[in-house]
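Work through the three exercises below with the model in view. Try each task before you read its solution.

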Amino acid sequence: MFVQHRERHRTDRIGWLRAAVLGANDGIVSTASLVVGVAAAHSPASDILIAGVAGLVAGAMSMAAGEYVSVSSQADTESADLDRERKELATDGEAEHYELAAIYASRGVEPSLARQVAEQLMAHDALATHARDELGISDMTTARPVQAAMASAATFAIGAALPLVTVLATPPTALIPAVIATSILFLALLGGFGAHAGGAPVIKAALRVTFWGALAMGLTAGVGALFGAAI
């Protein structure tokens, strides 16, 4: 009798977690950079806010479309591979059996046992077995375009809203330092949350996200200041 041993793994979070962290990070960095750049060009507060809102809407739609297209391409590739595998199983099941047994043997299973394991697993669900062990496709890692698109759009909008709240709550004279400071704080929190959810080192991830976000905002502020001085 087998006793079920429950373990908590985070692999099933990869799809939505990647999209969520990417969306929120882009929302904070792009909107804060846009706001700081426009503010550095000495634009009025109304123009800064309009630019930020436009960036939020455009960015959320862009993230959704980009994620859907890219993950759909992955899903199409997976589907094509599965169709090919289905045909091969139907036309040459014996070769597929040997192929699967060879995979298990290459992983350290004794050859005769590998053939038995391949035979039993193929009898249970041949396509799922080959998808998992030959193609590396499983329920946990399969591409989900709609889920990725929705997660990216929603988290981008949430991330982009944070600098805009700072714009609304900060006097124009302190706008640039306030947006930069709060955005760096938001990025650090986001990096820490993403690392915690994925089981990775929190401090390292927070520093990584904060560094690149601060660099992006600094460069954008510099460009905005140059154009503002030129105009």
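UniProt annotations may be inferred rather than shown by experiment. Keep that in mind for the first exercise. The model itself is predicted.

**Exercise 1.** Find which residues the "transmembrane region" annotation covers, then describe two of these spans.

Solution.
- Start with the record. The unreviewed UniProt entry lists 21–42, 48–69, 148–169, 175–197 and 209–230.
- Take residues 21–42. This span is 91% helix and 0% strand. Its end C-alpha atoms are 32 Å apart.
- Now take residues 148–169. Here the chain is 100% helix, with 0% strand. The end C-alpha atoms lie 32 Å apart.

**Exercise 2.** Work out how helix α2 and helix α5 are oriented to each other.

Solution.
- Locate the helices: α2 spans residues 45–91, and α5 spans residues 145–169.
- Read the geometry. They pack at about 165 degrees, and their axes are 8 Å apart.
- Apply the cut-off: angles over 145 degrees count as roughly antiparallel. So α2 and α5 are roughly antiparallel.
- Add the handedness. The crossing of α2 past α5 is right-handed.
- Sort the contact by class: 22 nonpolar, 5 polar and 1 charged residues.

**Exercise 3.** Which residues of the largest nonpolar core touch the most other members, and which helix gives the most to the core?

Solution.
- The core has 23 residues. Those touching the most other members are V35, I48, F156, V167, L175, V179 and L187.
- Next, trace the helices. At least two residues each come from α1 (14–40), α2, α5, α6 (175–198) and α7 (202–230).
- Finally, name the main contributor. α1 gives the most, with 8 residues.

How values were computed. Residues are numbered from 1 along each chain as its sequence is written. This is a predicted model: local features need pLDDT of at least 70, side-chain atom pairs count only at pLDDT 80 or more; totals for chains, interfaces and linings use all residues. Side-chain values use heavy atoms; hydrogens and water are left out. Axes are lines fitted to C-alpha atoms, for helices over the stretch in contact, and angles run from 0 to 180 degrees between N-to-C directions. Helices (H or I, at least four residues) and strands (E, at least two) are DSSP runs, numbered from the N terminus. Angles under 35 degrees count as roughly parallel, over 145 as roughly antiparallel, 65 to 115 as roughly perpendicular and the rest as oblique. A crossing is left-handed if the near helix is turned anticlockwise from the far one by less than a right angle, and right-handed if clockwise. Ala, Val, Leu, Ile, Met, Phe, Trp, Tyr, Cys and Pro count as nonpolar, Asp, Glu, Lys and Arg as charged, and the others, Gly among them, as polar. A nonpolar core is a set of buried Ala, Val, Leu, Ile, Met, Phe, Trp, Tyr and Cys residues joined through side-chain atoms within 4.5 Å. Buried means under 20% relative accessible area, exposed over 50%, partly exposed in between (1.4 Å probe, protein chains only).
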